[in-house]
Every structure is written in structure tokens, then in C-alpha cells.
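Grab a viewer and work through these short exercises on how the chains sit together and how they meet the DNA. Each task comes with a step-by-step solution.

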There are 2 protein chains.
Amino acid sequence: MARPRKFDEEQAVDAALEAFWTTGYEATSTQELCEATGLGRSSIYNTFHSKRDLFRRALALYIDRRTGELTELLDTDLTIHAKIGTLLERVVAEESEHDRGCFFVNSAIELADRDAEVAQELERDYRRRLDALTAAIESGRRDGDVDRAKDARALAHFVIATIGGIRVSARAGADRAALESVARTALTAL
Amino acid sequence: MARPRKFDEEQAVDAALEAFWTTGYEATSTQELCEATGLGRSSIYNTFHSKRDLFRRALALYIDRRTGELTELLDTDLTIHAKIGTLLERVVAEESEHDRGCFFVNSAIELADRDAEVAQELERDYRRRLDALTAAIESGRRDGDVDRAKDARALAHFVIATIGGIRVSARAGADRAALESVARTALTAL
DNA sequence: CTTGTTTTGTATCGATTGGTTCAAAACACG
DNA sequence: CGTGTTTTGAACCAATCGATACAAAACAAG
């Protein structure tokens, strides 16, 4: 038919994700996007149409990966207490290891009230995580390590908020020991 | 001595704060800063030297106000449980009323890993809030509505993280009922 | 090898960015 | 009423912004 692409599209989105993740949307220039992806301007605009569209692709890729990790964890046969415990522990470890935070949280804070489509994507993912967690908690009731008097959905909201809280605290300078104590205290509320 | 200022400096910082708060640092142009403050470029640069310096002034103003509100609340003679309850309830109410979030959280996410001085200011304020909360919890032990087996400092970290978590969840699209359930669940961990 | 279609690199677009220059205007002080 | 000092407004700066134009290059299909 015609001249074929010389690059892999998902690989380019992945590189763009790295750039947006470490620098944020506004502060990442199209020039930096070119350098990060290794593509020329034409290739980027021909494929992704605009900086904003490329960002949305990067966000979707990130969300897919993260949701994949979550469902994978929830599908193990750990107790629900252990599942949530390792979930929080992973967040603490990640925040301690680098300092670019979580791309979901970063995007929510920077763009959610300014870009309706980004906000919708974030909200959709929030609901997906909420439903997955709620189901896991519901079905984990028999484990006996979750307060049966508490609403599973409320606990799921709480777990999600705790994750966000740990991430904000990490960005505000809390050290690893502090983050770990937050995780431990949160587990107490289950 | 010389020609006097025609504007009030704190009032200008306050106007700049509004602009930075609703739009973020990068996305707020110096032109918008002029319009928000009602000042000309010369006045702004003569007084504040740079966009970044003006931002730091705005952040300091915001932090001062917020810390003032917190210490005021902690100085009441409510039980520690009630203090933290109204603290969380205020956050939920604020996040439900408008959609620009919290300037502290916004700044932490957008700038903390890119501007060392901003990070330092945020970290200092984190510690101030932590100390105030820790003291209040410690002295509220006798109320009997806080688990005496738990470390006061750990609970303080947890309260701060819960606030951040509620704010992130709000930005991600959680509704008021969800945020309230998070606050309720968190109180359970005390 | 031609033809048709797409990708790619380069050059460039107008607009906007944060910031400066400079002279006129404004006032306190003597 | 000068005089000295500062503030103010307007014009202006190079640099960068996101995005486009366009032709050469690359390849599949015939």
C-alpha cells in the first residue's frame, strides 16, 4: 500500500508516558516529546494529532498497566487483609524508590478540573478499581479479618483514599517509616 | 522619600494565589497574573522579581492561613475525636464545594520533585502540622476515644494522609457520600 | 519499473512565553 | 516649589510554545 512506519506505536506512547510522568503535562514540551520518543515532529503529529491526544494515550496505557497489576493481586488466594496489606506496601515501596509519584494522581491533580475528558477517564478507572476492591472485600468476608459490620464499598473507598494519601504525603516529604506507619494504621480500620 | 505604591502587597499576593490555585503554576501565565492582580508587569517584577518568587509568596500565604485554621481548631476544648472529625468534615465540605482542590496538595504534586525550595517549604509545613496534631492527640489521650495502645505520632501521620487521600479521591471523581464514608472509616482507626 | 500512498525530515508558522528597558508620572522631603 | 527617588505603563526582547507545510524518501501493489 504505502510506506510503513519505522517505529512501534506503543513503544512511542510508553516513552511519552515517561516524559509526561516525570515532568507533568504543561511542563513537557513537544520538543522533549520528540527527544523522548526518538521521533520527528511530523511522525508524532501524524500519528497522535496533538500533544493532548498523546497525553491521553499515555494516561490510558498507564491505567491499563496499573489496573492489570491490581486485578492480578486480587486474583491470588491471599486473605483480603494480606491483599490490601501488600497493595499498600507496594505503594510505599514505589514512593520511596523514586520521586515522580503516581501518574494517575499527578494527572488528577494537574488536569482533572481543566480537562473534562481526562477527568472522565480518571473517574472511570476509579470506579473500576472500586468495584474490583469491593468484590474482593465482599468475597473475603469469610476470612474473618475484615470487620463484617462494615460496608465493603465504604472500605474500598477507604483503601483507595489511603493509597492517594500515602502518595501525597510522600510528595510532601514524609519519610518511608512514616508512610509505613500510615499503611499499618489504615489496615487497623478494616 | 519617593513615589508610594498604589497597591497593597498582600492583596496582590492573595490575587496571585487565586490564579495559581485555580490554574496551577505552569499553566498560569504572567499575563494572567497581571490581570488577576490588576497590576502592570513592571509593578509585579519590581516587587516580586519573578513568577517563581511570586508563587512562593502565594504558597507561604496559603500555608499560613491553613495552619492558622488548624491550630485554632486544635485549641478548642472538643475531644480529640471530635477535633479530627470536624477537620475531616471540613475537608470533605471544601472538596465538594469547589473543584480546584487544595493548593498545598496541588503544589506538592506539580512542583515538589522539581523545585527544591518549594519542596522544603512543604516539608516544613508538613512537620508543623504533624507536631500540632501529635501534641493534640497526646494530650487527648485521657478523653478515652483514642486507642491508647497506638502511637500518637503514627496517628497524626495517618490523619494527614487521610486528608490528602480524600482530596485526591475528590479530584478523581468520588462523590460527597464516598468522601464522607472515607472520613467515617478513618475515624474508626483512631 | 512504475504508480499510489504514506511517512519522514526540515523549515517554518504566528502566538505566546517570562522578563527587561526606559522615560514619564507621582509623591515625600527639604 | 524644586529635587531625589521610586513606581508605573507601554513598548519591546529573544526564546520557546504547539502545530503546520511541503517535498523528498520509502515502500507495497500492479
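**Exercise 1.** Through which surface do the copies meet?

*Solution.* This is a predicted model, where local features need pLDDT of at least 70, side-chain atom pairs count only at pLDDT 80 or more, and totals for chains, interfaces and linings use all residues. Residues are numbered from 1 along each chain as its sequence is written, chains are lettered from A and ligands numbered from 1 in the order written, and side-chain values use heavy atoms, with hydrogens and water left out.

Now the interface: 100% of the interface residues of chain A are also interface residues in chain B, so the copies meet through the same surface.

**Exercise 2.** Work out how chain A maps onto chain B.

*Solution.* Superpose by least squares on the C-alpha atoms of residues with pLDDT of at least 70 in both copies. A turn of 180° with a shift of 0.0 Å along the axis lays chain A on chain B, at an RMSD of 0.0 Å. The copies are thus related as by a two-fold rotation axis. In chain A, the residue closest to that axis is A:Gly165, its C-alpha at 1.8 Å.

**Exercise 3.** Find polar contacts (pairs of N or O atoms within 3.5 Å) to DNA strand D.

*Solution.* Start with the phosphates: a side-chain N or O atom of A:Lys51 is 2.7 Å from a phosphate oxygen, and a backbone N or O atom of A:Thr28 lies 3.4 Å from one. Then try the bases: a side-chain N or O atom of B:Arg3 is 2.7 Å from a base oxygen.

Technical notes. Contact means heavy atoms within 4.5 Å. A polar contact is a pair of N or O atoms within 3.5 Å; within protein, one must be able to donate a hydrogen and the other to accept it, and residues adjacent in sequence count only if both atoms are side-chain atoms.
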